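User: I'd like to go through this one and ask how each label is earned. Can you put the structure up and start with the basics?

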Amino acid sequence: MNDQSIDLSTTIAGVPLTVCMMNASGARCVTQEELEALGRSRAGAIVTKSMTPQPREGNPEPRYYSFAGGSINSMGLPNLGYPTYARLIPALRRFGKPIIASIAGLCEQDFVDGARALNTVQPDLMEINLSCPNLPGKPQIGYDFQAAQRLLRKVREVVTVPMGVKLPPYFDPAHHEVMASLLAEVEVDFLSVINSVGNALVVNPEAESVVIKPKGGFGGLGGHLIKPVALANVRAFWKLLHGRVTIIGTGGIVTGTDVFEHLLCGASAVQIGTTLVEEGLQAFDRIETELREVLQKKGYRSVHDCQGKLREL
Ligand code: SIN
């Protein structure tokens, strides 16, 4: 039995969402048609593709490959350019859900210019993507703490809506600590953790080859197999930033139980990538039903009831 009275609403940095699920930037959110379809779907918010100053075709194809348990991609930020997204966002408001503009760039100034331009149309939230692993010759900014701090300080000055950061996975508590204190210093309002696990390599043994073309086959790993890494990052930042910074858990969500695990670790909401690409937007309906069932079975009445309640042994 699916209990509709279970409250799946949440807030991100004070912005209300009726349902705690949305697309991850990159998943079905590049074009106007895709963004409108997200508006009509059960997603609690619309997240744009990470945008750059100029439109980009992205990396050569094949650049996405799915396999049992996950996916690898090296899309290379194909997007319409921030002037186009700035024009599209006001019309997306008719869907009555928050709009999250995702900002990227090829250099520091791109981020500042993009954030300033998008700020003029006041998306509900702005997500600064410091973690694209797929730009040849451009290291992930989230792994360079000094560069990340400098960039975020500049962007913070031009952004007046709640501002978040999309981070790469960290694998050492020392790195979580450095990043957490940096985020507190810059007064970031929310986090999306994690982006894909960068620079992985999937091999096709039959063909004796890589499976995607860019970067010699190296790309970002997504899908169910990265869930433990995502949960660890949600939990680590939840503990370090508890109460001050909203966390959006991203990584490995296929079922309602996966969402529940992210909530237990401290996430207020989740973003879904590979599963949306593979299954389509109806995945939101399925996962929402499953999440209601899990919460009902566990005796929780709302997202808030179970958030952060992970027990340690
Ligand atoms: C891409 O477009 O290459 C993926 C974006 C990202 O991982 O941030």
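Analyst: Helices (H or I, at least four residues) and strands (E, at least two) are DSSP runs, numbered from the N terminus. By that reading the protein has 10 helices and 16 strands. Bear in mind that this is a predicted model: local features need pLDDT of at least 70, side-chain atom pairs count only at pLDDT 80 or more, and totals for chains, interfaces and linings use all residues. Residues are numbered from 1 along each chain as its sequence is written, and side-chain values use heavy atoms, with hydrogens and water left out.

User: What makes the protein as compact as a globular protein of that length?

Analyst: The radius of gyration is taken over C-alpha atoms, and the globule rule is 2.2 Å times the number of residues to the power 0.38. For 313 residues the rule gives 20 Å, and the protein comes out at 18 Å, close to that, so the label fits. The C-alpha atoms fill a box of roughly 50 × 50 × 40 Å along the principal axes.

User: Why is helix α7 described as largely enclosed?

Analyst: Buried means under 20% relative accessible area, exposed over 50%, and partly exposed in between (1.4 Å probe, protein chains only). In α7 (residues 256-265), 8 of the 10 residues are buried, so the helix is largely enclosed by the rest of the structure. Among those buried residues are F260, H262 and C265. Their cover includes β3, α6 (227-241), β15 (246-250), β16 (269-272), α9 (282-298) and α10 (303-306). For the whole protein, 57% of the 313 residues count as buried.

User: Why does L77 count as buried, and what is odd about its phi?

Analyst: L77 has 3% relative accessibility, so it counts as buried. Its phi is positive, about 55°, although L77 is not a glycine. You'll find L77 in the loop between β6 (70-73) and α2 (82-92).

User: And N199: buried, exposed or partly exposed?

Analyst: N199 is partly exposed, at a relative accessible area of 34%. N199 is not a glycine, yet has a positive phi of about 60°, and it is found in strand β11.

User: What makes β9 and β10 a pair?

Analyst: Two strands pair if DSSP finds at least two bridges between them. Strand β9 (residues 163-167) and strand β10 (residues 190-193) have 4 bridges, in the parallel sense. Across that pairing, K166 stands opposite S192 in β10. Both strands belong to an open sheet of 8 strands, ordered β3-β16-β15-β10-β9-β8-β7-β4, with parallel pairing.

User: Why are β3 and β4 called edge strands?

Analyst: β3 (21-23) and β4 (46-47) each pair on one side only, and that earns them the name.

User: Which residues does I141 contact, leaving aside its neighbours within four places in sequence?

Analyst: Contact means heavy atoms within 4.5 Å. I141 is in contact with F111, L130, A147, A148 and L151. The loop between β8 (125-129) and α4 (145-158) holds I141. Across the protein, of the contacts between residues at least 6 apart in sequence, 74% join residues at least 24 apart.

User: Which peptide bond leading to P62 is cis, and what is its omega?

Analyst: The bond from E61 to P62 is cis, with omega near 0°; P62 lies in the loop between β4 and β5 (64-67). The bond from V193 to I194 is also cis, with omega near 15°, and I194 is in the loop between β10 and β11 (197-201).
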